[in-house]
Amino acid sequence: MARRLRPVGLDFVETAPVRLVFAREVSAAPEAVYRALAEDVPGWTAWFSAVTFARPIGEGAGREIRLRGGTRFVETVLAAERPERYTYRIDVTNAPGARAMLEEWRLAPAGTGTRVQWTFAADGTAAFRFVLDRARAGMGRAFRGAVTSLDRRLTRP
């Protein structure tokens with residue numbers, strides 16, 4: 001059953017009880033990575049294997065996302081600062097035990113490519129926090145695989 005989460009602001013990325021932070025350098029330029037994240041929302045299904053459905057809503061002010069396994073999100077974009085930051089808050093989800101969630105993508109030049117950092121910030125019941133802590137390694141693998149796939153997609157001739 002989907003339910004509304006507590007609305008949080010940009011500061012939640014630093015203050016959340018659970019913060020999972022992952023980073024990787026890619027060959028693609030920051031502008032290209034930003035476009036893929038913020039402007040080609042349906043394209044997420046082509047490079048992030050956990051994402052099975054993605055579409056912008058509210059003229060790009062939000063997103064509807066479905067993940068493998070059936071988790072669903074309705075999100076509000078909080079920051080779209082080209083080409084450095086793309087942040088969205090999860091407003092509605094069917095994830096059990098979740099109370100608040102926010103994801104932030106930070107992009108920074110790294111040589112001729114980009115350093116991509118993804119922060120997953122969350123709050124929830126003790127059981128929810130426990131599961132997230134145990135999922136850290138799997139989420140890291142999913143992030144690395146997704147960013148590697150995105151980089152291949154953006155840099156292939």
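**Exercise 1. The loop with Pro83**

Work out where Pro83 sits in this predicted model, and what the omega angle says about the peptide bond that leads into Pro83 from Arg82.

*Solution.* Start with the place: Pro83 belongs to the loop that joins strand 5 and strand 6. Now look at the bond from Arg82 to Pro83: omega is near -15°. That peptide bond is cis.

**Exercise 2. Another loop, another backbone angle**

Find Glu59 and decide what stands out about its phi, then say whether Glu59 is buried or exposed.

*Solution.* First, the location: Glu59 is in the loop between strand 3 (51-57) and strand 4. Next, the angle: phi of Glu59 is near 55°, a positive value, and the residue isn't a glycine. Last, the surface: relative accessibility of Glu59 comes to 87%. The cut-off for exposed is over 50%, so Glu59 counts as exposed.

**Exercise 3. Two aromatic pairs**

Classify the ring pairs Trp44 with Tyr88 and Trp118 with Phe143.

*Solution.* Keep the recipe in mind: a pair of aromatic rings is described by the distance of the centres and the angle of the planes. The structure holds 14 aromatic pairs; here are two of them, one at a time.

- Step 1: for Trp44 and Tyr88, the ring centres are 6.5 Å apart and the planes meet at 75°. Edge-to-face needs over 60 degrees, so this pair is edge-to-face.
- Step 2: place that pair on the chain. Trp44 is in helix 3 (residues 44-47) and Tyr88 in strand 6 (residues 85-93), so to speak a link between distant parts of the chain, 44 residues apart. Trp44 and Tyr88 are both buried.
- Step 3: for Trp118 and Phe143, the centres lie 6.0 Å apart and the planes are at 15°. Stacked means under 30 degrees, so this pair is stacked.
- Step 4: Trp118 comes from strand 8 (residues 113-124) and Phe143 from helix 4 (residues 126-155), again distant parts of the chain, 25 residues apart. Both of these residues are buried too.

Now zoom out: Trp44, Tyr88, Trp118 and Phe143 belong to one aromatic cluster, whose members also include Phe22, Tyr34, Trp47 and Trp105.

**Exercise 4. Charges over rings**

Which ring does the charged end of Arg63 sit over, and which ring face does Arg66 lie over?

*Solution.* Take Arg63: its charged end is over the ring of Tyr88, 4.0 Å from the centre. Then Arg66: this one lies over the face of Phe53, 4.5 Å from the ring centre.

**Exercise 5. The nonpolar cores**

Describe the largest nonpolar core, and then follow Trp105 outwards from there.

*Solution.* Begin with the size: the largest core has 39 residues, and Trp44, Tyr86, Met101 and Trp105 have the most contacts inside it. Helix 4 gives the largest share of this core, seven residues. A second core, separate from that one, has seven residues, including Val8, Phe12, Val13 and Ala100. Back to Trp105: leaving out residues up to four places away in sequence, it touches Leu37, Trp44, Tyr86, Trp118, Phe143 and Val147, among others.

**Exercise 6. The largest pocket**

How much space lies in the largest pocket, and which element supplies the largest share of its lining?

*Solution.* The space in the largest pocket is about 550 Å³. Its lining has 26 residues, with Leu67, Thr71, Phe73, Phe120 and Met139 nearest the centre. Strand 4 (62-67), strand 5 (72-81), strand 7, strand 8 and helix 4 each put in at least two lining residues. The largest share, eight residues, comes from helix 4.

**Exercise 7. Buried or not?**

Sort Asp123, Ala108 and helix 2 by how they are covered.

*Solution.* Buried means under 20% relative accessible area. Asp123, in strand 8, has 12%, so it is buried. Its contacts beyond four places in sequence include Arg6, Arg99 and Arg129. Ala108, in strand 7 (residues 98-110), has 32%, so it is partly exposed. Leaving aside neighbours within four places, Ala108 is in contact with Pro30, Gly113, Thr114 and Arg115. As for helix 2 (residues 30-39), seven of its 10 residues are buried, so the rest of the structure largely encloses it. Pro30 is one of those buried residues, along with Ala32, Val33, Tyr34, Ala36, Leu37 and Ala38.

Key: Residues are numbered from 1 along each chain as its sequence is written. This is a predicted model: local features need pLDDT of at least 70, side-chain atom pairs count only at pLDDT 80 or more; totals for chains, interfaces and linings use all residues. Side-chain values use heavy atoms; hydrogens and water are left out. Helices (H or I, at least four residues) and strands (E, at least two) are DSSP runs, numbered from the N terminus. Buried means under 20% relative accessible area, exposed over 50%, partly exposed in between (1.4 Å probe, protein chains only). Contact means heavy atoms within 4.5 Å. A charge sits over a ring if NZ of Lys or CZ of Arg is within 6 Å of the ring centre and within 35 degrees of the ring normal. A nonpolar core is a set of buried Ala, Val, Leu, Ile, Met, Phe, Trp, Tyr and Cys residues joined through side-chain atoms within 4.5 Å. On a 1 Å grid over the protein atoms alone, a cavity is a set of points where a 1.4 Å probe fits but cannot get out, and a pocket is an open set with protein on both sides within 12 Å along at least five of seven lines; lining residues have an atom within 4 Å of a point. Grid points are joined across faces, edges and corners, and a volume is the space filled by probe spheres set on the points.
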